[in-house]
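Me: Please take a close look at one helix pair in this model. I want to know how the two helices pack and what lies around them.

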Amino acid sequence: MWTLSHQYDWSNMLVRVAHQELKSLANQINETAHLAIREGKNALFIDSAHANHVIAVAGQTGELVPLYCTAHGKALLADADERSLKVQFGSAPLKKFTKTTITSIQSLAKDCISIKKRGFATDESEFREDMRCVAAPIRVQNDLIVGSIGISAPLSRFGKDLYPEYAAKVCKVANDIGQLLSNAEQ
């Protein structure tokens, strides 16, 4: 019970601190933005802000998505190495959702190294067809990943050429939230 209540309190604090930043990110890019935490083998959306498009990404607060094939999940796994990923997921092939889903621990471990180096994760229709996402880990002062923030959009509106611009905005917001949380901890 203590663990659950502590996690609930932490999630509530993250939502309170990050909500305005989340809304700002969604408005800047005009796409759906989500805030997520790690929940077992999944990322749990704990808050969202929606774009002003008629067709928008429908991920909702409370939705669980796999860690290994979503930008949010991979951002939450950014510090994981192959050994810890095997402990988390086992050594069997990972479930394939689309033709681009990562299905091996070795590929996921390589992706985690890249994510840690560049500061953001991507999802090239790995979980849902025709969807592209970018997310960044939210780190507190001790470099611990406490959540992820990112945006999702249909491929038709989110071309690969937009990754540098969107990733820079997502990373800045993730860093800002991390600073706010670190200051709140003190």
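Reply: Helices α3 and α4 are oblique to each other. That label follows because their angle is about 130°, and angles that are neither roughly parallel, roughly antiparallel nor roughly perpendicular count as oblique. Keep in mind that this is a predicted model.

Start with the geometry. Two packed helices are described by the angle between their axes and the distance between the axes. Helix α3 covers residues 82-89. Helix α4 covers residues 105-118. Their axes lie 9 Å apart. The crossing of α3 and α4 is right-handed.

Now the contact itself. From α3, the residues involved are E82, L85, K86 and F89. They meet I105, Q106, L108, A109 and C112 of α4. By type, the residues of this contact comprise six nonpolar, one polar and two charged.

C112 deserves a second look. This α4 residue takes part in the contact with α3. Its relative accessibility is 1%, so C112 counts as buried; the cut-off for buried is under 20%. C69 is buried too, at 0% relative accessibility. What does a disulfide search of the whole structure find? The search finds zero disulfides.

I113 gives the contrast. I113 also sits in helix α4. Its relative accessible area is 55%, so I113 is exposed; exposed means over 50%. I113 and A80 are 33 residues apart in sequence. In space, their C-alpha atoms are 8.1 Å apart.

Next, the loop between β4 and β5. Strand β4 spans 121-124 and strand β5 spans 131-139. S125 lies in the loop between them, and D130 lies in that loop as well. Buried or exposed: which applies to S125, and which to D130? S125 is buried, with a relative accessible area of 8%. D130 is exposed, with a relative accessible area of 51%.

Their backbones call for a check. S125 has a positive phi of about 55°. D130 has a positive phi of about 60°. S125 is not a glycine, and neither is D130.

What does S125 touch, leaving aside residues up to four places away in sequence? Its contacts are T98, T100, D130, M131 and L155. Thus the buried S125 touches the exposed D130.

To recap the helix pair: α3 and α4 pack at about 130°, cross in a right-handed sense, and bring six nonpolar residues into their contact. Within α4, C112 is buried, whereas I113 is exposed.

Notes:
Residues are numbered from 1 along each chain as its sequence is written. This is a predicted model: local features need pLDDT of at least 70, side-chain atom pairs count only at pLDDT 80 or more; totals for chains, interfaces and linings use all residues. Side-chain values use heavy atoms; hydrogens and water are left out. Axes are lines fitted to C-alpha atoms, for helices over the stretch in contact, and angles run from 0 to 180 degrees between N-to-C directions. Helices (H or I, at least four residues) and strands (E, at least two) are DSSP runs, numbered from the N terminus. Angles under 35 degrees count as roughly parallel, over 145 as roughly antiparallel, 65 to 115 as roughly perpendicular and the rest as oblique. A crossing is left-handed if the near helix is turned anticlockwise from the far one by less than a right angle, and right-handed if clockwise. Contact means heavy atoms within 4.5 Å. Ala, Val, Leu, Ile, Met, Phe, Trp, Tyr, Cys and Pro count as nonpolar, Asp, Glu, Lys and Arg as charged, and the others, Gly among them, as polar. A disulfide is a pair of cysteine sulfur atoms within 2.5 Å. Buried means under 20% relative accessible area, exposed over 50%, partly exposed in between (1.4 Å probe, protein chains only).
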